[in-house]
Amino acid sequence: MNISEKRFLCRRDGMVIRGLAFIPEGQNLPIAIVSHGFMANYKTTEGYAKFLAELGFAAFCFDFNGGCIHGKITFMT
């Protein structure tokens, strides 16, 4: 199965959300949004997103606003 890997970012109110999208070939795919745990980042969930893409899901892993070690946790809500 051919899976494309695309980096993405979204900006809002001076904040940035970064992540990766793993998208297999096809249309009308189911979607999986994979979020990381406390004090982590999207790289800790990248393997899960790749696995879900191999199962046929368009899978996205991302960083929460303020969710990194140097960020502000209150921005995650």
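The legends below describe several close-up views of a predicted model.

**View 1. The four-stranded sheet.** Four strands form an open sheet in the order E1-E2-E4-E3, and the pairing is mixed. Strand E1 (3–12) and strand E3 are the edge strands; each has a single partner strand, so one side of each is left without a neighbour in the sheet. From one strand to the next, the twist averages 20°.

**View 2. Strand E4 and its two partners.** Strand E4 spans residues 58–62, and 4 of its 5 residues are buried. Strand E2 (residues 15–24) runs antiparallel to E4 and is joined to it by 4 bridges. Within this pairing, Gly19 has Phe62 of E4 as its bridge partner. Strand E3 (residues 31–35) runs parallel to E4, and 5 bridges join the two. Along E3, Ala32 stands opposite Ala59 in E4, while Ser35 stands opposite Phe62 in E4.

**View 3. The crossover through helix H1.** Strand E3 is joined to E4 by 5 bridges, the two strands being parallel. Between them the chain passes from E3 through helix H1 (residues 46–54) to E4, forming a right-handed β-α-β crossover. Helix H1 lies across E1, E2, E3 and E4, and runs at about 35° to E2.

**View 4. The largest nonpolar core.** In soluble globular proteins, nonpolar side chains tend to be buried together. In this model, the largest nonpolar core has 9 residues, namely Leu20, Phe22, Ala32, Val34, Tyr42, Ala49, Ala53, Ala59 and Cys61. Elements E2, E3, H1 and E4 each give two or more residues to this core.

**View 5. The surroundings of Ala49.** Ala49 is one of the residues of the largest nonpolar core. When neighbours within four places in sequence are left aside, Ala49 is in contact with Phe22, Val34, Ala59 and Cys61. These four contact partners, Phe22, Val34, Ala59 and Cys61, also belong to the core.

**View 6. Cys10 and Cys61.** Cys61 is buried, with a relative accessible area of 0%. By contrast, Cys10 is partly exposed, and its relative accessible area is 43%. A disulfide would require a pair of cysteine sulfur atoms within 2.5 Å; by this rule, the count in the model is 0 disulfides. Cys61 is also among the residues of the largest nonpolar core.

Notes: Residues numbered from 1 in each chain as written. Predicted model: local features only at pLDDT ≥ 70, side-chain atom pairs only at ≥ 80, totals over all residues. Heavy atoms only, no water. Buried < 20%, exposed > 50% of the residue type's maximum accessible area, 1.4 Å probe, protein only. Pairing = 2+ DSSP bridges. Right-handed = clockwise from strand over helix to strand, strands pointing away. Core = buried A, V, L, I, M, F, W, Y, C linked by side-chain atoms within 4.5 Å. Contact = heavy atoms within 4.5 Å. Axes fitted to C-alpha atoms, helices over the stretch in contact; angles between N-to-C directions.
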